[in-house]
Amino acid sequence: MSQSTATSLPTEMRHVALDGFGAPDVMTVARGPVPQPKPGEILVRVEAAGVNRPDVAQRQGSYPPPKGASPILGLEIAGEVVALGQGVSGFAPGDKVCGLANGGGYAEYCLLPAGQALRFPKGYDAARAAALPETFFTVWANLFQMVGLTEGESVLIHGGSSGIGTTAIQLAHAFGATVYATAGSKEKCDACEKLGAVRAINYREEDFAAVVKDVTGGKGVDAILDMIGAAYFERNLVSLAKDGCLSIIAFLGGAVAEKVDLTPIMVKRLTVTGSTMRPRTAEEKRLIRDELLEQVWPLIDAGRIAPVMHAVLPFDQVAEAHRLMESSSHIGKIVLKLV
C-alpha cells in the first residue's frame, strides 16, 4: 500500500503515447492508468517535464527503455509528491521535487525512485526545476566522477549550447577549470562564452583541433566531453594533453570510427571512457544525486549556476518540442509544461 495526501487520486491520466516509431507526429496525447508507487518509489504529479535527446532516440526506436521501466517517454520531471511507496523516507506528500525518472515523464503522474529525487532549488518553479536533472546527473557522472575534472585543469565541451553543454560549461567553470567549447553559430558561441567558456569555437568555420592546439600552446586539453562520437574521434585524440581523458556520452556523429590513428592513446597515455545514464543501477544514481545535493545544489541556490531555458511549451505541443530538439537551433533546455 502507498501513503498519499489525497484519498481521491484519479485513476486515469493524460500521457504521451507512441503510434509506432518514427517522426515526431507518431506521438499523441492519450489516456491511461495512473501508476502506483512500489517500495522505494514516490508518485509525482508532474507540472513540467524536460525534453532530451534520449527521448528523441526512443521515439525513433533506437533507445528502448530498460526492463521494468515505463514505456512512456520522458526522463526528467518536476512537480508535487502525492504518494509514497513503502520504505520511503525524507519525502512527504506536498513536497516539490524534481528528479531523474527511469521513464514515464511525459505524463500527468510519474513514478520516481526516491534516490533520484531532488528538492526544488531556492526560488525555482517547476519549469526551471525540470530543466535540471538529466543534464546535471549526466555531466556530474561523466565529467566529475569518471573523468575526475579538477580545479586548474582544462576541458573542451562539444555541443556547448545544448542542454548538456550549457550545464557542463557552468559546472566546469564553477569548479575552477579552464573551459573551451564548440558550437555551430556566432550566437551559440557567444552564449557559451557568457556561461564561462574562455574560447568558443564555431565548428562550421574553424577546425577545433587546430584552435585547441593554438590556444593551449600545443599542450592540448586535459579532458573532452563529447556527444558527437565517430566524426570527432581522431581529432579529439589529437586535442588531448598527456594523460588526458575523452568522455563520450552520445553518437550524434556516428558510432563507428574507421581508419582512426590510435597512436596518441599510447604516446600520450590517454583514457577513453563513456557511459549512458539510463542503465545505471538505482544505487549508482542515488550516489550521483547525493553528490549533486552536497556540491552543486548550493551553487544553484546561490544563483551561481542556472539552467539555460530555450523554450517552455504546452504539453500538447510535444511534437513541436521534438522538432525543435532535432533542429539543433536551440540554446539550452526545452521543457514541456503540464500545469
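# A walk through the structure, starting with three rings

Let's start with some side chains: W140, F144 and F175 are linked into a cluster by ring pairs. Keep in mind as you look around that this is a predicted model. A search through the whole structure turns up 5 aromatic pairs. One pair is made by W140 and F144, and it is stacked, with 4.6 Å from centre to centre and 15° between the planes. If you wonder where those two numbers come from, a pair of aromatic rings is described by the distance of the centres and the angle of the planes. The 15° counts as stacked because the cut-off for that label is planes under 30 degrees apart.

Why are W140 and F144 separated by about one helical turn? Both belong to helix α3 (residues 133-146), and they sit 4 residues apart in it, so about one turn lies between them. The general rule is handy here: an α-helix has 3.6 residues a turn, so residues three or four places apart point the same way. And are the two residues buried or exposed? W140 is buried, and F144 is buried too.

While we're on rings, have a look at Y124. R128 lies over the face of Y124, 4.2 Å from the ring centre.

Next stop is helix α4, which covers residues 163-174. You can do a little check on this one. With 12 residues at 1.5 Å a residue, α4 should span 16 Å, and its end C-alpha atoms are 17 Å apart, so the two values agree. In case the 16 Å puzzles you, the expected span is 1.5 Å times one less than the number of residues. How much of α4 is buried? The count is 10 of its 12 residues, so the helix is largely enclosed by the rest of the structure. Among the buried ones are G163, I164, T166, I169, Q170 and L171. After α4 comes G176, which has a positive phi, near 90°.

Now for the strands. A good one to follow is β4, made of residues 41-51. Strand β4 is mostly covered, with 10 of its 11 residues buried. Which way does β4 run relative to β5 (residues 76-84)? The two are antiparallel, and 7 bridges join them. To find this pairing on your screen, look for A48 in β4, whose bridge partner in β5 is A78. You can also spot L43, which stands opposite A83 in β5.

Strand β4 has other partners as well. It pairs with β7 (residues 109-113) in the antiparallel sense, over 5 bridges, and there V44 has C110 as its bridge partner. It also pairs with β16 (residues 333-337), again antiparallel, over 4 bridges. In that pairing, V51 is matched with I334.

From β5 you can carry on to another strand. β5 is mostly covered, since 8 of its 9 residues are buried. It pairs with β6 (residues 96-100) in the antiparallel sense over 5 bridges. Here I77 has G99 as its bridge partner.

Some of the elements we've met turn up again around the largest pocket. That pocket holds about 1,100 Å³ of space. It is lined by 48 residues, and R53, P54, M227, A250 and L252 are the closest to its centre. The elements that give two or more residues to this lining include α3, α4 and β16, along with α1 (53-60). Which element gives the most? That would be α1, with 5 residues.

Let's finish with a few single residues. D243, in strand β13 (residues 240-248), has a positive phi of about 65° although it is not a glycine. With a relative accessible area of 47%, D243 is partly exposed, because that label covers values from 20% to 50%. K259 has a positive phi too, near 50°, and is also a residue other than glycine. You'll find K259 in the loop between β13 and α8 (263-267), and at 83% relative accessible area it is exposed.

Last comes E283, in helix α9 (residues 282-301). Its relative accessibility is 41%, so E283 counts as partly exposed. How many residues separate E283 from G115 in sequence? They are 168 residues apart along the chain, while their C-alpha atoms are 7.6 Å apart in space.

Definitions and conventions
Residues are numbered from 1 along each chain as its sequence is written. This is a predicted model: local features need pLDDT of at least 70, side-chain atom pairs count only at pLDDT 80 or more; totals for chains, interfaces and linings use all residues. Side-chain values use heavy atoms; hydrogens and water are left out. Buried means under 20% relative accessible area, exposed over 50%, partly exposed in between (1.4 Å probe, protein chains only). Two strands pair if DSSP finds at least two bridges between them. Rings of Phe, Tyr and Trp (its six-membered ring) pair if their centres lie within 6.5 Å; planes under 30 degrees apart count as stacked, over 60 as edge-to-face and the rest as tilted. A charge sits over a ring if NZ of Lys or CZ of Arg is within 6 Å of the ring centre and within 35 degrees of the ring normal. On a 1 Å grid over the protein atoms alone, a cavity is a set of points where a 1.4 Å probe fits but cannot get out, and a pocket is an open set with protein on both sides within 12 Å along at least five of seven lines; lining residues have an atom within 4 Å of a point. Grid points are joined across faces, edges and corners, and a volume is the space filled by probe spheres set on the points.
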